[in-house]
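Here are my notes on the model you sent over. I've kept them as numbered points so you can follow along in the viewer.

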Amino acid sequence: MGQAIGPVAQATLNVVSTPQTVLSQKFNITDNFFALNNSEDESAIIEEEARMEKAEAIDRYFREYDMPLEGTGMKMVLEAEKNEIDWRLLPAIAVRESTGGKHACKRATYNSFGWGSCKINFKSNEEAIETVARNLGGNNPNTDHHYAGKNTKEILQKYNPPSIVKHYADQVMRIMGVIGETDIIITTGATA
């Protein structure tokens with residue numbers, strides 16, 4: 001093109017080039033937004049698939065041994081996540097304490113965990129799962145001094161001390177191992 005003549009020609013060039021730059025920046029922002037959302041969506045899908053696998057592993061174990069708590073797997077997984085405890089802890093305690101609800105506390109309703117020495121009633125299995133998970137996760141101010149900040153074995157040793165049942169923690173942890181691996185890994189089929 002020709003030579004710019006004075007400030008008017010320069011202003012015209014700026015007006016033409018500025019919208020292109022802004023438009024280009026908008027496309028980049030939009031592309032980054034969609035890439036970020038797709039990554040978050042993929043992560044959420046993988047997380048939900050892992051959650052479903054864990055719930056199915058629990059329910060499969062209960063089903064295999066004809067245990068009444070079959071169908072509570074997802075509730076146990078969600079409460080474990082919420083309270084930051086191992087996803088296999090609640091079902092394993094229920095198996096050890098009551099054979100998965102077959103021999104639940106006789107003097108207390110819906111208490112398949114032996115919670116409170118079988119002296120505490122619950123309105124449902126779901127309420128029992130929520131209560132026991134909250135306590136074991138150290139999220140009940142009345143019992144957090146027993147459970148907060150402890151690993152699984154330490155939680156179990158507080159739940160039923162070795163002085164009462166010598167190998168309780170080891171027994172529950174063996175059941176946990178039979179229910180499933182610590183981590184369930186879901187792959188997407190995409191390769192890096």
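1. Let's start at the loop between H3 and H4, where Ser117 sits. Keep in mind that this is a predicted model. The phi of Ser117 comes out near 55°, a positive value in a residue other than glycine. At 53% relative accessibility, Ser117 counts as exposed, because the cut-off for that class is over 50%.

2. Ser117 also turns up at the largest pocket, as one of the residues that lie nearest its centre. The others nearest the centre are Gly116, Tyr147, Lys158 and Tyr159, out of a lining of 13 residues. Which elements give two or more residues to that lining? They are helix H5 (144–147) and H6. By class, the lining breaks down into five nonpolar, six polar and two charged residues. If you want a volume for the largest pocket, it is about 240 Å³.

3. Two other positive phi values are worth a click. Asp66, in the loop between H1 and H2, has phi near 50°, and Asp66 is not a glycine either. Asp66 is exposed, with a relative accessible area of 62%. Thr99 comes just after H3 and takes a positive phi of about 50°.

4. On the overall layout: the chain has seven helices and zero strands, so if you read the elements from the N terminus on, you get α-α-α-α-α-α-α. Of the 192 residues in the chain, 34% are buried. Looking at contacts between residues at least 6 apart in sequence, 52% join residues at least 24 apart.

5. Is H3 mostly covered or mostly open? Mostly covered: eight of its ten residues are buried. The buried ones in H3 are Leu89, Leu90, Pro91, Ala92, Ile93, Ala94, Val95 and Ser98.

6. H3 leads straight into the core. The largest nonpolar core has 36 residues, and the members that touch the most others are Leu89, Leu90, Ile93, Phe113, Leu136 and Tyr159. Two or more core residues come from each of helix H1 (6–64), helix H2 (73–83), helix H3 (89–98), helix H4 (125–136), helix H6 (152–159) and helix H7 (168–179). As background, nonpolar side chains in soluble globular proteins tend to be buried together. Tyr159 is one to highlight in the viewer, since Tyr159 is among the core members with the most neighbours in the core and is also among the residues nearest the centre of the largest pocket.

7. For a closer look at one core member, pick Leu90. What does Leu90 contact once its neighbours within four places in sequence are left aside? The list is Met76, Ile85, Phe113, Ile129, Val132, Ala133 and Leu136. Two of those partners, Phe113 and Leu136, are themselves among the core members that touch the most others.

8. Now the charged pairs. The structure holds ten salt bridges. As a reminder, side chains of opposite charge can pair when their charged atoms come close. Arg63 takes part in two of these bridges: with Glu56, where the closest N and O atoms are 2.6 Å apart, and with Glu70, where the closest N and O atoms are 3.1 Å apart. How exposed is this trio? Arg63 is partly exposed at 38% relative accessibility, Glu56 is partly exposed at 31%, and Glu70 is partly exposed at 36%.

9. The bridge between Glu79 and Lys75 has its closest N and O atoms 3.3 Å apart. Why can these two side chains face each other? Glu79 and Lys75 are four residues apart in helix H2, so about one helical turn separates them. In general, an α-helix has 3.6 residues a turn, so residues three or four places apart point the same way. Glu79 is buried, with a relative accessible area of 6%, whereas Lys75 is partly exposed at 23%. Elsewhere, salt bridges that share partners join Glu47, Glu48, Arg51 and Glu81 into one network.

Notes
Residues are numbered from 1 along each chain as its sequence is written. This is a predicted model: local features need pLDDT of at least 70, side-chain atom pairs count only at pLDDT 80 or more; totals for chains, interfaces and linings use all residues. Side-chain values use heavy atoms; hydrogens and water are left out. A nonpolar core is a set of buried Ala, Val, Leu, Ile, Met, Phe, Trp, Tyr and Cys residues joined through side-chain atoms within 4.5 Å. Buried means under 20% relative accessible area, exposed over 50%, partly exposed in between (1.4 Å probe, protein chains only). Contact means heavy atoms within 4.5 Å. A salt bridge is a side-chain nitrogen of Lys or Arg within 4 Å of a carboxyl oxygen of Asp or Glu. On a 1 Å grid over the protein atoms alone, a cavity is a set of points where a 1.4 Å probe fits but cannot get out, and a pocket is an open set with protein on both sides within 12 Å along at least five of seven lines; lining residues have an atom within 4 Å of a point. Grid points are joined across faces, edges and corners, and a volume is the space filled by probe spheres set on the points. Ala, Val, Leu, Ile, Met, Phe, Trp, Tyr, Cys and Pro count as nonpolar, Asp, Glu, Lys and Arg as charged, and the others, Gly among them, as polar.
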